[in-house]
Every structure is written in C-alpha cells, then in structure tokens.
Amino acid sequence: MNNIFDSHAHYNDRAFDADRCELLEEILKKGVVNIVNVAAAMEDSDKILSLVKKYDFIYGALGVHPDAADTTADDFVNELEKQILSEPKIKAIGEIGLDYHYEGYVKENQKRIFIKQLELAKKLDMPVIVHSRDACEDTMEILRQYKPKGVMHCFGYSAEIAEEIVKMGMYVSFTGVITFKNAKKAVKALKAVPLDRLMLETDCPYMAPEPYRGKRCDSSMIAQTAAKAAEIKGVTPQEILDVTCENARKFFRI
C-alpha cells in the first residue's frame with residue numbers, strides 16, 4: 001500500500017529520540033508520503049520547526065493542548081503567531097481543544113486558551129486540529145459559535161456527533177483505535193462519516209493499531225487502520241488511503 005498521509009503525529013516525542021532519523025527514512029519505503037507533526041505545548045515549537053525544515057515530506061501544526069492550559073502564559077498568542085508566520089510549512093493550529101479526562105483541570109482556563117487559538121486561526125485563515133476528550137458538550141458549543149475550518153482528531157464520540165461535525169464543514173480523523181475489538185462507538189462513528197470528510201492518523205507514538213497495540217506506533221501502521229476502515233466502508237484499503245491522502249492535502253493546503 002502507498003499514499004499514506006499521517007494527519008496527526010508527534011515525532012518530536014522523546015519516544016523517538018533513539019532512532020528518529022532512521023525511522024523517518026524507513027517509513028518512506030513503506031508507503032508514507034506525508035506527515036503533519038503536531039504540537040501539544042509552546043515548548044514543542046522549536047523541535048517541530050526543526051523537523052519540518054529537515055524533512056520535505058513533514059509539515060507541522062503549532063498550538064497549545066488543553067493539558068498545557070494552566071501553565072501557558074496569557075500572552076502566548078503573540079509568540080504563537082510569530083512562530084506560525086516564520087515557517088510556511090506550518091499548516092494548522094493545533095492541537096487545541098478541551099480535555100476533562102484527568103482530575104485537576106480548570107475548565108475556564110482550557111476554554112480561554114481554546115478560544116484564543118480559534119480566534120488566531122480565523123485571523124490567519126488557518127485550519128485547526130481539535131482535541132476533545134470527555135468534553136463533548138463544551139467543545140461542540142464552542143465549535144458551533146466559532147465555526148472553524150477544522151478536523152476533530154482521534155475521534156471518540158458518537159456517530160451523531162460525527163454527523164454534526166461534518167455538517168459544520170469539518171473533517172473527522174480516526175486512529176488505530178478502530179481496529180480494537182472494543183471500538184464499537186468508533187466504528188459506528190466511522191460509518192457515519194462520508195469518505196470526502198475522512199482522515200486517518202496515528203497520534204504516534206500512541207494508539208498503535210492491532211496487531212501492534214501497546215507498542216510504539218509509527219506512520220506506516222496506518223496501513224492496518226486503512227484496512228479496517230476499508231472493511232467498514234466497503235471499499236479497498238488503497239481507496240481509503242487515496243481518498244484520505246487527497247482530503248488531508250486539501251485540508252492542509254499541501
């Protein structure tokens with residue numbers, strides 16, 4: 001299989017420190033054509049900017065994940081805007097959103113950081129990569145208000161929410177979770193997403209598909225995710241890879 005576009009990866013993660021260069025060279029031989037490497041905090045920016053400058057096939061997204069909301073300076077948007085404008089291969093703002101999964105979060109801080117980045121995206125006419133976990137109601141309320149050009153990454157909500165995301169004009173992206181035996185909700189959601197609004201991702205080094213579950217994930221493993229998506233959608237794995245690559249290139253303007 002070829003035409004693998006990984007729309008959401010974290011190759012700046014220390015899980016890749018030992019063999020990052022070798023791995024990125026190897027996955028090109030396995031059908032990977034493009035990767036979007038995504039930030040989770042302001043501290044990620046330098047590493048991501050370095051990656052996109054070193055590798056022609058890697059593009060980037062810069063932004064602040066909700067988990068970093070409490071430790072992010074109030075004036076971060078000015079610096080974020082400078083970083084984005086400094087490199088034309090930065091193609092989105094992300095990952096941004098809300099995450100109420102772990103105890104200790106401050107809802108208002110997360111919402112404030114999320115909204116500031118949505119406003120920046122509108123100002124710069126850029127798409128956003130939205131992270132949402134255990135925060136569906138608040139996320140959807142904000143998305144309905146700001147109506148960004150965006151993708152809901154690592155989708156984990158219901159088919160009905162997926163349908164609403166699509167009606168907003170956004171894309172929906174799935175990870176290797178769809179290959180898990182207990183992934184009934186994700187499978188139903190995937191069925192509800194039309195092919196022209198679908199993307200695939202790894203979220204690597206996390207979310208490795210079967211039969212690699214629990215191991216370090218890399219972009220070549222999208223082949224397994226595509227095979228499962230093809231089974232669900234009633235098309236061939238290569239058709240899934242072709243359409244998701246086309247969708248991602250359109251979305252990120254590559």
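Me: I'd like to start with one residue: is Gly156 buried, exposed or partly exposed, and why?
Reply: Happy to start there. Gly156 counts as partly exposed because its relative accessibility is 42%, and the partly exposed class lies between 20% and 50%. Do keep in mind that this is a predicted model. Gly156 sits in the loop between strand 6 (150-152) and helix 6 (159-167).

Me: How far is Gly156 from Val177 in space, C-alpha to C-alpha?
Reply: Their C-alpha atoms are separated by 9.1 Å, while the two residues are 21 apart along the chain.

Me: Let's try another loop. Where is Asp196, and which residues does it contact beyond its neighbours in sequence?
Reply: Asp196 belongs to the loop between helix 7 and strand 8. Once neighbours within four places are set aside, its contacts are Tyr171 and Asn247. There is also a C-alpha separation of 7.8 Å between Asp196 and Thr244, which are 48 residues apart along the chain. Asp196 counts as partly exposed because its relative accessibility is 47%.

Me: And what about Ile27: is it buried or exposed, and why?
Reply: Ile27 counts as buried because its relative accessibility is 1%, and buried means under 20%. This residue is part of helix 1 (residues 20-28). Leaving out residues up to four places away in sequence, Ile27 touches Tyr11, Val32, Ile35, Asp218, Ser219 and Ser220. Between Ile27 and Pro209 there are 16 Å from C-alpha to C-alpha, with a sequence separation of 182 residues.

Me: Now the whole chain, please. How many helices and strands does it have, and what share of its residues is buried?
Reply: The protein chain has 9 helices and 8 strands. Of its 254 residues, 56% count as buried. The accessible surface comes to about 11500 Å², and carbon and sulfur atoms hold 49% of that.

Me: How should I read the radius of gyration for a chain of 254 residues?
Reply: The idea is to compare it with what a compact globule of that length would have. For 254 residues that value is near 18 Å, and the protein chain has 17 Å, so the two agree. As for extent, the C-alpha trace spans about 45 × 40 × 35 Å along its principal axes.

Me: What share of the contacts joins residues at least 24 apart?
Reply: Take the contacts between residues at least 6 apart in sequence: 70% of them join residues at least 24 apart.

Me: Let's move to backbone geometry. What should I expect in general for phi and for peptide bonds?
Reply: Most residues other than glycine have a negative phi, and most peptide bonds are trans.

Me: Which peptide bonds here are cis?
Reply: Two to look at involve prolines. One joins Cys204 and Pro205, with omega about 15°. Another runs from Glu210 to Pro211, where omega is near 5°. Pro205 is found in the loop between strand 8 (198-200) and helix 8 (222-233), and Pro211 lies in the loop between strand 8 and helix 8.

Me: What are the phi values of Asn3 and Arg253, and where do these residues sit?
Reply: Asn3 has phi near 70°, a positive value in a residue other than glycine, and belongs to the segment before strand 1 (4-9). Arg253 has a positive phi too, near 60°, and its place is in the segment after helix 9 (237-252). Asn3 counts as partly exposed because its relative accessibility is 23%. Arg253 falls in the partly exposed class because its value is 44%.

Me: Finally, the empty space. How much lies in the largest pocket, and which residues are nearest its centre?
Reply: The largest pocket holds about 970 Å³ of space. Its lining has 37 residues, and those nearest the centre are His131, Arg133, Cys154, Asp203 and Met207. By type, the lining divides into 16 nonpolar, 10 polar and 11 charged residues. Strand 5 (128-133) and helix 7 (184-192) each supply at least two lining residues.

Me: How many cavities of 30 Å³ or more turn up, and what lines the largest cavity?
Reply: A search of the whole structure finds 1 cavity of that kind. The largest cavity has about 40 Å³ of space. Its lining includes Ser7, His8, Ile129, Val151 and His153, along with Ser173, Met199, Glu201 and Phe252. These lining residues divide into 4 nonpolar, 4 polar and 1 charged.

Notes
Residues numbered from 1 in each chain as written. Predicted model: local features only at pLDDT ≥ 70, side-chain atom pairs only at ≥ 80, totals over all residues. Heavy atoms only, no water. 1 Å grid on protein atoms, 1.4 Å probe; cavity = no way out; pocket = protein on both sides within 12 Å on 5 of 7 lines; lining within 4 Å. Points joined across faces, edges and corners; volume = space filled by probe spheres on them. Helix = DSSP H or I, 4+ residues; strand = E, 2+ residues; numbered from the N terminus. Nonpolar A, V, L, I, M, F, W, Y, C, P; charged D, E, K, R; others polar. Rg over C-alpha atoms; globule rule 2.2 N^0.38 Å. Buried < 20%, exposed > 50% of the residue type's maximum accessible area, 1.4 Å probe, protein only. Contact = heavy atoms within 4.5 Å. Areas by Shrake-Rupley, 256 points an atom, 1.4 Å probe, with all protein chains shown as cover.
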